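Good morning, everyone. Please look at the screen, and we will walk through one structure together.

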Amino acid sequence: MSRRCLLGLAIVLACAFPALGSAANDVPQPAASSEPSAPPSPLPSSAPASASPAPTPVPVDRALSLLGDPWACETDHHAALVSAFSAPSEDRIDVRTTLAGGLAGNRHIDEAFVWDPVAATWHANVAGGAFVGSAPRWSGEVWIFTGTAATGGHTYNGRMVFTALGPNAFRRDFEVERDGRRQIYSLETCSRDLSD
Amino acid sequence: MSVAWPIFLALLWLEQSPPAAPADAVDKAFGLSGGSWTCTSFHGEQKIVSFEFSDPNAIVESRAAPDGEDDAAYERRFAFDADKGTWLLSWPSGGWSLTAQPWTHARWTFEGIAKAQRVRVTFTSFGQPAFRRDVETYSAGRWIERNGETCKRLSQ
């Protein structure tokens, strides 16, 4: 797998869209992680990081429903991933995504979602800055981060959009704004605990 | 009470009952009907999709724009062949036809030939409320995604 794919979040997967820019310069731009980390937190302090969330009712912040058992994910180009969401502290969710790498071994992509209690905002840093954005609590069907996406050597206004597909699945889109319109340049669907 | 009443009620019940599944009851294909779905393509386009029984062994898929305007050109027909135990997916306008086994696991995969090209349509179940659909063609030794969508049930 190419370096750009590895660094650009298999999901973000700049490799799928070479038209967005040159291949040589699309290493994601690191983002500063200056998010404050003071309470109050959207995460229940009594809940262990690995606790499985109840699928219903939807918690105050649906982001909590991402915690627990890992998610089996598939990109729009059928790359198989496993994403584990954990809460190392009350104001932070870490995501580690594993790609089966064959002879090269497994590869990992890391993300961090940090809660800013003053702004009541989540700040996301995906794959070392491949996407950086912010969003309010996840209270409805969709959870929309707005920010910037670094790909193909360029930085675009972009969005990362989670859409709930029932209690045990979600879709995540990565979008950039080009020529005045939004384009989905990569997406994944993730599921777990499906009984049927 | 007249003896006609039970007969009338029985007929009414039969009239309102959904068509019985002709095959294994766990075939998820039959769960597609009975309501609408909101589908978002991998390009972000939204449609309202319906699956309705045209007869007990066939489901017709139609779709409309979110504002309600029907996409009259779009029609997919899923017909179950009880003798063969297989589904046939056809495009009335395009002459394509793909076949699949009953949808008893997470994925439901249709495959066939269309215009001298191998085509595959895969449904992935996310339980009752949602599914993903991928449309791929086979080229140069591998499957290439042509279009896909995720769908959520709107109503039942």
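Why does A:Leu66 count as buried? Count the neighbours. A:Leu66 has 22 C-beta neighbours inside 10 Å. The cut-off for buried is 20 or more, so A:Leu66 counts as buried.

Before we go on, a word of caution. This is a predicted model. Keep that in mind for everything I say.

Now, where is A:Leu66? Find the loop between helix 1, residues 3-7, and strand 1, residues 71-75, of chain A. A:Leu66 lies in that loop. Leaving out residues up to four places away in sequence, A:Leu66 touches A:Phe85 and A:Ile93. Look at A:Ser86 as well. A:Leu66 and A:Ser86 are 20 residues apart along the chain. Their C-alpha atoms are separated by 8.3 Å.

Let's step back to the whole of chain A. Chain A has 1 helix and 10 strands. Follow the sequence and you meet the pattern α-β-β-β-β-β-β-β-β-β-β. Chain A has 196 residues, and 42% of them count as buried. Next, take contacts in chain A between residues at least 6 apart in sequence. Of these, 45% join residues at least 24 apart.

What do the 10 strands do? They close into a barrel. The order is 1-2-3-4-5-6-7-8-9-10, and the pairing is antiparallel. Neighbouring strands of this sheet are turned by 25° against each other on average, direction ignored. One general point here. Strands of a sheet pair through backbone hydrogen bonds, either parallel or antiparallel.

Let's follow one part of the barrel. Start with strand 6, residues 131-135, and strand 7, residues 142-151, of chain A. They pair in the antiparallel sense over 4 bridges. A hairpin of 6 residues joins strand 6 of chain A to strand 7 of chain A. Move on to strand 8 of chain A, residues 154-164. Strand 7 of chain A and strand 8 of chain A run antiparallel, joined by 10 bridges. They also form a hairpin, with 2 residues between them. In that turn, A:Gly152 has a positive phi of about 60°.

Now put your finger on A:Gly147. A:Gly147, in strand 7 of chain A, is the bridge partner of A:Gly133. A:Gly147 also stands opposite A:Gly158 in strand 8 of chain A.

We just saw a positive phi in a glycine. What about other residues? Most residues other than glycine have a negative phi, and most peptide bonds are trans. Two residues here are worth a look. Phi of A:Ala120 is near 50°, a positive value. A:Ala120 sits in the loop between strand 4, residues 107-116, and strand 5, residues 121-126, of chain A. Is A:Ala120 buried or exposed? Exposed, because A:Ala120 has 11 C-beta neighbours inside 10 Å. The second residue is A:Asp179, with a positive phi near 55°. A:Asp179 is in the loop between strand 9 and strand 10 of chain A. With 5 other C-beta atoms within 10 Å, A:Asp179 is exposed.

Next, the nonpolar cores. The largest has 50 residues. Which of its members touch the most other members? They are A:Ala63, A:Ala124, A:Phe131, A:Ala149 and A:Met160. Strand 8 of chain A gives the most to this core, with 5 residues. Apart from this core lies another, of 13 residues. Among them are B:Ile59, B:Trp103, B:Phe110 and B:Val119.

Now the two chains together. How many residues does each chain bring to the contact? Chain A brings 14 residues, and chain B brings 14 residues. On the side of chain A, strand 9, residues 169-178, and strand 10, residues 181-191, give two or more residues. Strand 10 of chain A gives the most, with 4 residues. By class, this side of chain A has 5 nonpolar, 6 polar and 3 charged residues.

Last, confidence. The mean pLDDT of chain A is 77, and 67% of its residues reach 70 or more. Among the elements of chain A, strand 6 has the highest mean pLDDT, at 98. Helix 1 of chain A has the lowest, at 37. Over residues 1-40 of chain A, pLDDT stays under 50. The model has 100 contacts for that stretch beyond four places in sequence. Residues 46-50 of chain A are also below 50. That stretch has 5 contacts in the model beyond near neighbours in sequence.

Technical notes
Residues numbered from 1 in each chain as written. Chains lettered and ligands numbered in written order. Predicted model: local features only at pLDDT ≥ 70, side-chain atom pairs only at ≥ 80, totals over all residues. Contact = placed C-beta atoms within 7 Å. Nonpolar A, V, L, I, M, F, W, Y, C, P; charged D, E, K, R; others polar. Pairing = 2+ DSSP bridges. Axes fitted to C-alpha atoms, helices over the stretch in contact; angles between N-to-C directions. Buried ≥ 20, exposed ≤ 12 C-beta atoms within 10 Å, placed from the backbone. Core = buried A, V, L, I, M, F, W, Y, C linked by C-beta atoms within 7 Å. pLDDT = per-residue confidence, 0-100.
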